[in-house]
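Please take a careful look at the fold below before reading on. The paragraphs that follow lead from single residues to the cores and then to the pockets.

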Amino acid sequence: MFSIGEFAQHGRVSVRMLRHYDAIGVLRPACVDPVTGYRSYQVSQLADLNRLIALKELGFTLQQVQAILAEQVGVAELRGMLRLRRAEIKARIEDEMTRLARVEARLATIEDEGRVPTDGVVIKRLPPVRVAELTGTAKGYEPECITPVIQPLYCELWQRMASADIAPSGPALAYYEDSPAGDGTIVVHAAVQVAVAPDEDRGFAVVDLPQADSAAAIIHHGSMDDVLPTVQALARWIDANGYCTAGFAREVTLEWSTDRDQWVTELQQPVSTSGG
């Protein structure tokens, strides 16, 4: 038998915590001296203490821990809970890192407010282009809405093109339109340039994008999750140079890599002069 101090030392917990566990009935001492009130613990109770601490660290409340311990949870079950908890924590960290990246992008945009790019924007003609595409719906234009929609679309499109033995004739491009439902959602188009006739049996649409006589274009380097400063710099240039937007913008992939920071994308915004 161990005194409460000895048991705390062997279990690497505080005496105060052991008293608390006793008070709420999660881990009671093996015996309590009726005269002195001193608590004593058996060495076998270290197993209960280890499970208690592990479950608590996994995020369970003490009431839940008590119920789980009553079912005599085994090592395999604890290992499964640990794996699940690890996955949840990893997902939460990734979400927080993504949120921080979005804040960083907004801060970069705020720092650039009022600055109109004096170079890097060109006016060019966009020729008509035929594309194979799949479409989906996003809740809005935010990266956290677009990315989870467009990535699976591209994966599926590449697979269907390969199954149909169709090779791309040019780069991938994406464009977006307001949903005809008028509910604020966005129609996401994941497209790849092709040189084939339309065929409904292939499992994807083949459409012709019209030419644009005049478009303002700018190069974006890096992940499209960080495109906001480039998008707004282009918008300021369009306004400062007397143009108006005319139709949906295109995002043309010039260089792709598994490392998103190495992506190179041209943003193409069809424009017209303010006078017509």
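A good place to begin is V131, which, once its neighbours within four places in sequence are left aside, is in contact with L173, A191, V192, Q193, V194, A205, V206, V207 and L209. The model is a predicted one, and V131 lies in its strand β5. Is V131 buried or exposed? With a relative accessibility of 0%, V131 counts as buried, because the word is used for residues under 20% relative accessible area. The C-alpha atoms of V131 and W263 are separated by 21 Å, and these two residues are 132 residues apart along the chain.

Strand β12 offers two further residues to examine, since T265 is found there and Q268 is found there as well. T265 counts as buried, at 3% relative accessibility, and, not counting its neighbours within four places in sequence, T265 is in contact with I218, I219, H220, M224, E251, V252, T253 and L254. Between the C-alpha atoms of T265 and G222 there is a separation of 8.0 Å, although the two residues are 43 residues apart along the chain.

Q268, for its part, has a relative accessibility of 7% and therefore counts as buried. Which side chain does the side chain of Q268 meet in a polar contact? The partner is the side chain of E266, at 2.7 Å. When residues up to four places away in sequence are not counted, Q268 touches K124, L126, A216, A217, A249, R250 and V252.

From single buried residues we can turn to the nonpolar cores. The largest nonpolar core has 23 residues, and the members that touch the most other members are I150, Y154, L157, M161, V188 and F204. Two or more residues of this core come from each of the elements β5 (129–138), α6, β6 and β7 (186–193), and α6 gives the most, with eight residues. M161 can serve as an example of such a member: beyond its neighbours within four places in sequence, M161 is in contact with A132, I166, A167, P168, V192, V194 and F204. There is also a second, separate core, which has 20 residues, among them V13, V26, V65 and L78.

Next come two residues in loops. R12 is found in the loop between α1 (4–11) and α2 (15–24), and R12 has a positive phi of about 60° although it is not a glycine. D165, in the loop between α6 and β6, likewise has a positive phi of about 60° without being a glycine. Are these residues buried or exposed? R12 is exposed, with a relative accessible area of 70%, and D165 is exposed too, with a relative accessible area of 71%; both values are over the 50% that the word "exposed" requires.

The last part of the tour concerns empty space. Rolling a probe the size of a water molecule over the atoms shows where such space is left. The largest pocket found has a volume of about 1,400 Å³. Its lining consists of 42 residues, of which I146, Y176, M224, V227 and E251 are the closest to the centre of the pocket. The elements that give two or more residues to this lining are α5 (75–111), α6 (143–163), β6 (172–178), α7 (228–240), β11 (250–255) and β12 (264–273). Which of the elements supplies the largest share of the lining? That element is α6, with nine residues. Sorted by class, the lining of the largest pocket has 25 nonpolar, nine polar and eight charged residues.

The second largest pocket has a volume of about 150 Å³, and the residues that line it are V26, L27, D48, R51, Q66, L69, A70, Q72 and V73. At least two residues of this lining are supplied by each of α3 (45–57) and α4 (62–70), and α4 gives the most, with three residues. By class, the lining of the second largest pocket divides into five nonpolar, two polar and two charged residues. V26, then, is a residue to look at twice, for V26 lines the second largest pocket and also belongs to the second, separate core.

Definitions and conventions. Residues are numbered from 1 along each chain as its sequence is written. This is a predicted model: local features need pLDDT of at least 70, side-chain atom pairs count only at pLDDT 80 or more; totals for chains, interfaces and linings use all residues. Side-chain values use heavy atoms; hydrogens and water are left out. On a 1 Å grid over the protein atoms alone, a cavity is a set of points where a 1.4 Å probe fits but cannot get out, and a pocket is an open set with protein on both sides within 12 Å along at least five of seven lines; lining residues have an atom within 4 Å of a point. Grid points are joined across faces, edges and corners, and a volume is the space filled by probe spheres set on the points. Helices (H or I, at least four residues) and strands (E, at least two) are DSSP runs, numbered from the N terminus. Ala, Val, Leu, Ile, Met, Phe, Trp, Tyr, Cys and Pro count as nonpolar, Asp, Glu, Lys and Arg as charged, and the others, Gly among them, as polar. A nonpolar core is a set of buried Ala, Val, Leu, Ile, Met, Phe, Trp, Tyr and Cys residues joined through side-chain atoms within 4.5 Å. Buried means under 20% relative accessible area, exposed over 50%, partly exposed in between (1.4 Å probe, protein chains only). Contact means heavy atoms within 4.5 Å. A polar contact is a pair of N or O atoms within 3.5 Å; within protein, one must be able to donate a hydrogen and the other to accept it, and residues adjacent in sequence count only if both atoms are side-chain atoms.
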